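Visitor: Hi! Could you walk me through this one? I'd like to start with the metals and then look at the strands and helices.
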Amino acid sequence: MKEERYYSVRMRAAKNGPHEHGGKHISGGELLSTYSDLKNSVNALLEKGLHHSRGTPDFMQIQFESIHEPIKRIQPLHIDTNEADTVEKGRKLSRLLLEKVGIERQVIEKAFTEWTKYSGMRGAILIDVHSGKRIDDRQEKGVRVSRIDWMKTNFELWADYFHVPKSTRIREALVIATKVCAHPATIAELCWSDDPEYTTGYVASKKLGYQRITNLKEYGDERGCRIFFVDCRKDLNAYIHYLEKQPVFIHWEVENET
Ligand code: WAQ
Ligand code: MG
Ligand code: MG
Ligand code: MG
């Protein structure tokens, strides 16, 4: 039987004009949809961008395109939640986890001094694990991981099993982290939200899994962070192509849990 055709649907919203004219990034979103579900999918992204704690957008773009590549199915990363009662302790733990996957201390410190430079972006920045330098060429845009989704029904089974809140935010973050960490060039990801009210972030890697850390930034802070630490000096273009273009469905099977 032929697999059903899927569409990649993407949204970006900004305030004070579009991103490319210096507007403030408000919200972005991406998902995979069937043709018959496109109306709901576009609506879900519209809704996401319209009501946002970073502000009311005056620019939004939603687009869809059909996907021709076969969709990869990946099992979600293992999840753990680490409680930190202060941001200082949260950040300290995140540094420790990054060290644990083999990233040199000076590279980690460089990322922690420079992250504010990139905090208004709608995508992620790529940092070379050897030099600590930013290596993507996407300037103020960053690299946006796209063509990703996790069916809500399957996510909710997973969330019940692991006693995790059934939140869209967690679903979206795990989808990104799982796709990113499935690539062999990814050493780790460090992330916290740019939404002022959301202070939980994470460090993820194939080995560590998805390590949530409560308190990675102060409440009210609109500066988000998404850094991929990578080891791919040779094939950067192929890596970015994977992040943006490889279609991925996260799918959880209970039998794979041991
Ligand atoms: N690809 C690359 N970068 C992205 C993407 C994407 N698809 N989506 C967001 N970003 C970047 C962008 O620079 C945002 O400003 C920043 O990440 C934060 O995005 O409790 O909500 O969607 O387990 O605000 C993590 C913890 C929450 C969830 C992260 O990020 C949990 C979050 P946000
Ligand atoms: Mg967003
Ligand atoms: Mg998001
Ligand atoms: Mg956000």
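Guide: Happy to; what follows is a short chat about a predicted model.

Visitor: Which residues are the protein donors of the magnesium ion (ligand 4)?

Guide: Asp194 and Asp195 donate through their OD atoms, at 2.0 to 2.2 Å from the ion.

Visitor: Are those two aspartates, Asp194 and Asp195, buried or exposed?

Guide: Asp194 and Asp195 are both buried.

Visitor: What separation is there between that magnesium ion (ligand 4) and the magnesium ion (ligand 2)?

Guide: The two ions are 3.3 Å apart.

Visitor: Switching to strands: what is the order in the open sheet of three?

Guide: The order is β4-β12-β7, and the pairing is parallel. β4 (72–74) and β7 (148–150) each have a single partner strand, so one side of each has no neighbour in the sheet. From one strand to the next, the twist averages 25 degrees.

Visitor: How many bridges join β4 to β12?

Guide: Three bridges link β4 to β12 (residues 248–250). In one pairing, Ile74 has Ile250 of β12 as its bridge partner.

Visitor: And which helix packs on the sheet?

Guide: That is α5 (residues 168–181), which touches β4, β7 and β12. The direction of α5 makes about 125 degrees with that of β7.

Visitor: What about its length: how far does α5 reach from its first C-alpha to its last?

Guide: α5 has 14 residues and spans 20 Å, close to the 20 Å expected at 1.5 Å a residue.

Visitor: How many of the 14 residues in α5 are buried?

Guide: Eleven of them are, so to speak of α5 as mostly covered is fair. The buried residues include Ile170, Leu174, Lys179 and Cys181.

Methods: Residues are numbered from 1 along each chain as its sequence is written. Chains are lettered from A and ligands numbered from 1 in the order in which they are written. This is a predicted model: local features need pLDDT of at least 70, side-chain atom pairs count only at pLDDT 80 or more; totals for chains, interfaces and linings use all residues. Side-chain values use heavy atoms; hydrogens and water are left out. Donors are N, O and S atoms within 2.8 Å of the metal (3.2 Å for Na, K and Ca); water is not among the atoms, so sites may look incomplete. Buried means under 20% relative accessible area, exposed over 50%, partly exposed in between (1.4 Å probe, protein chains only). Two strands pair if DSSP finds at least two bridges between them. Helices (H or I, at least four residues) and strands (E, at least two) are DSSP runs, numbered from the N terminus. Axes are lines fitted to C-alpha atoms, for helices over the stretch in contact, and angles run from 0 to 180 degrees between N-to-C directions. Contact means heavy atoms within 4.5 Å. The expected span of a helix is 1.5 Å times one less than its number of residues.
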